[in-house]
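Visitor: I would like to go through this model and hear what stands behind each label. Please set the values against the definitions.

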Amino acid sequence: MLKFPQPDVEQFFQTYGIETFAVSADESQLVFSTNLNGKYNLWAMDLPNTFPYPLTFHNQSCEHVTYGPKEKFMIAVVDKDGDENGQIYAIPPEGGPLQPVRKKDGARHIYPFLSKDGKQLYYTSTKDDETYMKGYRFNLETEEEEVIVHGEGGMTVLVDKSPEEKSFLYMKAFSNTYQLYYVKTGEEDLLLTPSPEPQHTVSEAIFVSEQEIYLLTNYESDFSYLARFNLETKSFEKVVHAEAEDLKQMKYDQTTDSLYIISEKGVRDQLYRYKLGEKQLENLESPVSVIDQLVIADSGTVYLRGDSATVPANLYKQRGGGWESLTKYGVPGVNKEYLTSPDYVTYESFDGLEIEALLYRPKPEKDNGHMIFWPHGGPQAAERASFRSLFLFLVHEGYSLFAPNFRGSTGYGQAFEKMIEGDWGHAPRLDNVAGLDWLIDEGYATKDSILLMGGSYGGYMSLLLHGRHPDYFKAVVDIFGPCNLFSFINSVPEHWKPAMAQLVGDPEKDKEKLDEDSPINYLDTMTKPMLVIQGAKDPRVVKAESDQVVEALKEKGRDVEYIVLEDEGHGFSKKENEILVYRKVLEFFNRHIQ
């Protein structure tokens with residue numbers, strides 16, 4: 001009888017990702033950025049066939065792709081080794097080398113969109129204003145360029161044009177929880193919501209006609225709802241909401257005069273359709289738990305990109321009331337029985353606040369008795385019911401894993417999200433400590449069996465928990481986490497800096513608080529073995545942040561291992577790097593649970 005070995009780390013991480021996609025106007029071709037060859041490139045499918053073929057070999061991440069009119073060309077935004085300085089390129093639908101359209105080394109170009117005739121390219125860039133950015137119109141035929149929107153006060157992004165291209169929507173972001181939308185029409189700049197105060201967000205706004213704009217906002221509300229702004233009357237009107245859900249994304253379908261809307265509620269998403277003029281949201285079936293991208297074709301056909309806890313990101317097409325999967329990405333060579341879905345639990349924090357968390361448990365026969373505690377990144381983000389190879393692999397290897405959505409997480413309302421602003425290291429830290437105590441009280445873990453790991457803000461929280469509560473942990477993994485809030489605030493990208501005082505704190509006014517919340521000040525109690533991982537080209541948490549803590553701990557004679565990835569930024573864009581790092585994480589944890 002043939003016997004096959006159980007899957008190892010490489011099989012779990014040989015899953016493919018999809019960064020973004022677009023569909024041609026006639027729906028004859030779909031293009032998507034995927035890492036089928038181990039690095040991200042543009043691939044295509046000739047619909048209705050779904051066999052992919054490569055278009056490019058640039059081996060870099062693509063954050064945006066869109067078709068020009070009559071499928072003569074595509075526009076793509078591509079960076080270099082995770083530096084997040086996206087440049088704008090053109091490529092023919094049959095593929096080939098990327099042709100630079102708007103490119104400036106060291107500058108970031110985002111959110112490109114085209115005029116209806118394809119002659120005008122609209123985009124936003126840091127090239128002339130690193131702090132506030134500018135929105136441009138570039139003529140692809142004459143190569144003449146003009147500024148449409150000048151940034152001021154906060155990061156300013158050009159987001160949409162009216163059907164006749166007479167008016168433009170733009171966003172001003174002062175923080176993650178304070179984002180205003182304006183419409184520029186003639187010489188006027190009109191705020192879409194009735195007032196800039198109290199602080200609120202507009203997560204999306206779109207023209208449905210020359211005079212009518214629909215927007216998703218939480219103005220004077222804890223959760224975002226659908227609203228309407230009339231350009232002629234300059235009036236704002238609340239339209240519809242979903243109880244205790246954040247409406248976060250939408251697309252307009254002109255064939256049915258409807259809006260498709262994605263809502264976020266805790267760890268899951270919900271898909272709705274709203275027919276303009278009606279007063280209720282129609283609940284639609286979704287093939288995934290988390291929806292990352294919606295595309296509505298000219299025919300009204302709906303395409304989406306999304307994933308679930310045990311299924312990686314795939315592309316789907318709505319067909320006959322159901323969904324057809326256009327890609328079949330899974331976990332190669334791994335039976336579904338090895339893929340564990342989490343339980344969703346809640347616990348009470350130190351001040352009575354309810355915290356939702358994901359709890360992964362291994363099969364009893366494989367349980368090694370150890371719990372991995374994972375504070376998520378962001379921090380104004382959340383751990384969702386989405387696919388993580390890392391989680392599934394570690395659980396398959398016998399580890400339990402706990403991921404709390406502490407205060408500051410998205411999906412629980414504006415008030416909950418704002419709780420972390422100016423308080424990175426006190427109440428959120430105590431939320432995590434309460435989670436640790438809950439695990440112990442419920443019998444899921446003991447103090448001598450907990451391992452700690454996080455990335456980005458989660459790396460920061462891992463360092464802080466290690467320094468201030470070391471007795472809970474056996475070993476710690478920090479993946480590109482800030483260790484010094486002063487140097488972190490000073491080194492983030494320039495267009496982030498206007499928001500840092502609200503998000504993290506002011507280095508002068510809040511000096512005492514930032515000192516208290518900086519992990520670098522707790523080196524004496526960071527006594528447990530550590531593994532630190534850093535991307536050399538990380539623009540968000542620069543390498544100097546990890547260098548600081550590694551060098552300081554080594555001077556104290558601590559057990560610290562350090563991996564620097566020379567061709568990565570704030571994450572893993574190359575499959576070989578991801579596999580290398582997580583092999584090392586497994587080896588590190590296995591060594592320290594003995």
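Guide: What follows takes helix packing, sheets, empty space and backbone geometry in turn. This is a predicted model, in which local features need pLDDT of at least 70, side-chain atom pairs count only at pLDDT 80 or more, and totals for chains, interfaces and linings use all residues. Residues are numbered from 1 along each chain as its sequence is written, and side-chain values use heavy atoms, with hydrogens and water left out.

Visitor: Why is helix 4 called roughly perpendicular to helix 5?

Guide: Helices (H or I, at least four residues) and strands (E, at least two) are DSSP runs numbered from the N terminus. Axes are lines fitted to C-alpha atoms, for helices over the stretch in contact, and angles run from 0 to 180 degrees between N-to-C directions. The axes of helix 4 (residues 427-441) and helix 5 (residues 457-468) cross at roughly 75° and come within 11 Å. Angles under 35 degrees count as roughly parallel, over 145 as roughly antiparallel, 65 to 115 as roughly perpendicular and the rest as oblique. The crossing angle therefore makes helix 4 roughly perpendicular to helix 5.

Visitor: Which residues of helix 4 and helix 5 meet?

Guide: Contact means heavy atoms within 4.5 Å. From helix 4 come P428, R429, N432 and V433, and from helix 5 come Y457, M461, L464, L465 and R468. For classes, Ala, Val, Leu, Ile, Met, Phe, Trp, Tyr, Cys and Pro count as nonpolar, Asp, Glu, Lys and Arg as charged, and the others, Gly among them, as polar. The residues of this contact divide into 6 nonpolar, 1 polar and 2 charged.

Visitor: What makes strand 21 and strand 24 edge strands?

Guide: Two strands pair if DSSP finds at least two bridges between them. The open sheet has the order 21-22-23-24, with antiparallel pairing. Strand 21 (246-253) and strand 24 (282-284) each have a single partner strand, so one side of each lacks a neighbour in the sheet. From one strand to the next, the twist averages 30°.

Visitor: How do you know that strand 22 and strand 23 pair?

Guide: Strand 22 (residues 258-265) and strand 23 (residues 268-275) are joined by 8 bridges in the antiparallel sense, and the requirement is at least two. One of the bridge partners in strand 23 is D269, which faces E264.

Visitor: What is the strand order of the open sheet that holds strand 13?

Guide: The order is 13-14-15-16, and the pairing is antiparallel. Strand 13 (155-161) and strand 16 (188-191) are at the edges, each pairing on one side only. Strand 14 (residues 167-175) is joined to strand 15 (residues 178-185) by 8 bridges, and S175 stands opposite Y178 in strand 15.

Visitor: What makes an empty space a cavity or a pocket?

Guide: On a 1 Å grid over the protein atoms alone, a cavity is a set of points where a 1.4 Å probe fits but cannot get out; a pocket is an open set with protein on both sides within 12 Å along at least five of seven lines, and lining residues have an atom within 4 Å of a point. Grid points are joined across faces, edges and corners, and a volume is the space filled by probe spheres set on the points. The structure holds 1 cavity of 30 Å³ or more. The largest cavity has about 60 Å³ of space, and its lining consists of E337, Y338, T340, P362, K363, K366, V395 and H396.

Visitor: Which strand gives the most to the lining of the second largest pocket?

Guide: Strand 8 does, with 3 residues. That pocket has a volume of about 350 Å³ and 18 lining residues, with F73, A90, G118, L140 and E141 nearest its centre. The lining comprises 10 nonpolar, 2 polar and 6 charged residues.

Visitor: Where are the cis peptide bonds at P48 and P379?

Guide: L47 and P48 are joined by a cis bond with omega about 10°, and P48 is in the loop between strand 3 (41-46) and strand 4 (53-54). The cis bond of G378 and P379 has omega about 0°.
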